Amino acid sequence: MMQVLSGSLVALVTPMEKNGDVDFNALENLIEWHIHNGTDGIVSVGTTGESATLEVDEHLDVIKHTVKCVNGRIPVIAGSGSNSTAQAIETTKESYKIGADYSLLVTPYYNKPSQRGLIEHYTKIANSSDMKLILYNVPSRTSCDLLPETVEILAKHKNIIGIKEAVNKKERISNLINISNKNNEEFLIFSGDDESFLNLLESGGHGVISVAANIVPNIISQICNKFKENPDEAFKLNKKYKNLYKLLFIESNPVPVKWMLYKTGLIQDSIRLPLLTLNKKYQENIALEMLKLELL
């Protein structure tokens, strides 16, 4: 039976040993911590999971390990996107065999496809297996913008069931919600922007795929749950974490969030080149905010 997707989904970091190898023990501990703290789903090896620097076999090993550890308790979404359509097809098919519930597919980065190219790209992947797919639009990182009119065409495919949208513009979100409302079967809209995710929920979205949930999983879960009962309370709680959301992107993601998790003792201080651990000039500010929020 297909797992339901909504609420607080974490874009999970990939913990690493000092030598850069994947730290599978820390990964298991993080997964258990997230389930205990109310996280509604895990994105394995997305951008925050350093998909760009994991080898293909490592990438699949992390997804496999995550699926095994989660053991059906919450949905697992495999980050299987690539700027190569053939590679995205292969990783998506393998993720499906491993037992991931969904795939998250970032728009092809660097090669700047047209909207027609994006339609062909996603349609080919969607035709390649029975995996249910979530589109992912983050033009600030990819130099490629998946426009709502393109999403509307892709949403008609039975295997394309949602989008993670990181463009924080009212008109964009409104257009996507309209696409969701027009679809016979629900098309899911997730925020990819921690600072504005509550605005997307207020507009009729379904949840957030969150970087902040790595460090405050219980809070992002609470905000999503409170919003259903008492939106004012949700906005009030969310406001308390606004500065944290900003600090998470003071350097390229996942540099700040991995350093925060290291400070809490949940992972080692290790990240793969070309990224480096958090610049010392930012460390004091982040540590002070973490103390203020009682995270240290």
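Colleague: What is the volume of the largest pocket?
Modeller: The largest pocket fills about 650 Å³. This is a predicted model, in which local features need pLDDT of at least 70 and side-chain atom pairs count only at pLDDT 80 or more, while totals for chains, interfaces and linings use all residues. Residues are numbered from 1 along each chain as its sequence is written, and side-chain values use heavy atoms, with hydrogens and water left out.

Colleague: Which residues are closest to the centre of the largest pocket?
Modeller: T47, S51, A52, T53 and Y109 are the closest, out of 32 lining residues. A pocket here is an open set of points on a 1 Å grid over the protein atoms alone, with protein on both sides within 12 Å along at least five of seven lines; lining residues have an atom within 4 Å of a point.

Colleague: Which elements each supply at least two residues of that lining?
Modeller: Helices α2 (56-70), α3 and α5 (139-142) do, and so does strand β4. Helices (H or I, at least four residues) and strands (E, at least two) are DSSP runs, numbered from the N terminus.

Colleague: How does the lining of the largest pocket divide by residue type?
Modeller: There are 14 nonpolar, 14 polar and four charged residues. Asp, Glu, Lys and Arg count as charged, Ala, Val, Leu, Ile, Met, Phe, Trp, Tyr, Cys and Pro as nonpolar, and the others, Gly among them, as polar.

Colleague: How many cavities of 30 Å³ or more does a search of the whole structure find?
Modeller: The search finds one, with a volume of about 40 Å³. A cavity is a set of grid points where a 1.4 Å probe fits but cannot get out, and a volume is the space filled by probe spheres set on the points, which are joined across faces, edges and corners. V255, K258, W259, D269, S270, I271 and T277 line the largest cavity; three of its lining residues are nonpolar, two polar and two charged.

Colleague: Now the sheet. In what order do the strands close into a barrel?
Modeller: The eight strands follow the order β1-β2-β3-β4-β5-β6-β7-β8, with parallel pairing. On average, neighbouring strands are turned by 25° against each other, direction ignored. Two strands pair if DSSP finds at least two bridges between them.

Colleague: Which residues stand opposite I42?
Modeller: I42 faces V76 in β3 and V10. Strand β2 (residues 41-44) is joined to β3 (residues 76-79) by three parallel bridges, and β1 (residues 7-11) also pairs with β2 over three bridges in the parallel sense.

Colleague: Are the faces of β2 buried or exposed?
Modeller: Both faces of β2 are covered: G41 and V43 are buried on one side, and I42 and S44 on the other. Buried means under 20% relative accessible area, exposed over 50%, and partly exposed in between, for a 1.4 Å probe and protein chains only.

Colleague: And what about β7?
Modeller: Strand β7 is likewise covered on both faces, with L188 and F190 buried on one side and I189 and S191 on the other. Four bridges link β6 and β7 in parallel, with G162 opposite L188. Two bridges join β7 to the parallel strand β8 (residues 207-210), where G207 is the bridge partner of F190.

Colleague: Which strands does helix α3 touch?
Modeller: Helix α3 (residues 85-98) touches β3, β4 (102-106) and β5 (132-137), and its direction makes about 160° with that of β4. Contact means heavy atoms within 4.5 Å; axes are lines fitted to C-alpha atoms, for helices over the stretch in contact, and angles run from 0 to 180 degrees between N-to-C directions. Helix α7 (residues 170-182) lies across β5, β6 (160-165) and β7 (188-191), at about 165° to β6.

Colleague: Turning to the backbone, which peptide bonds are cis?
Modeller: The bond from N253 to P254 is cis, with omega near 10°, and so is the bond joining L273 and P274, with omega about 15°. P254 lies in the loop between α11 (242-247) and α12 (255-263), whereas P274 is in the loop between α12 and α13 (280-292).

Colleague: Which residues other than glycine have a positive phi?
Modeller: V45 has a phi of about 60°, and S143 has one near 60°. Most residues other than glycine have a negative phi. V45, in the loop between β2 and α2, is buried at a relative accessible area of 1%. S143, in the loop between α5 and α6 (148-154), counts as partly exposed because its relative accessibility is 49%.
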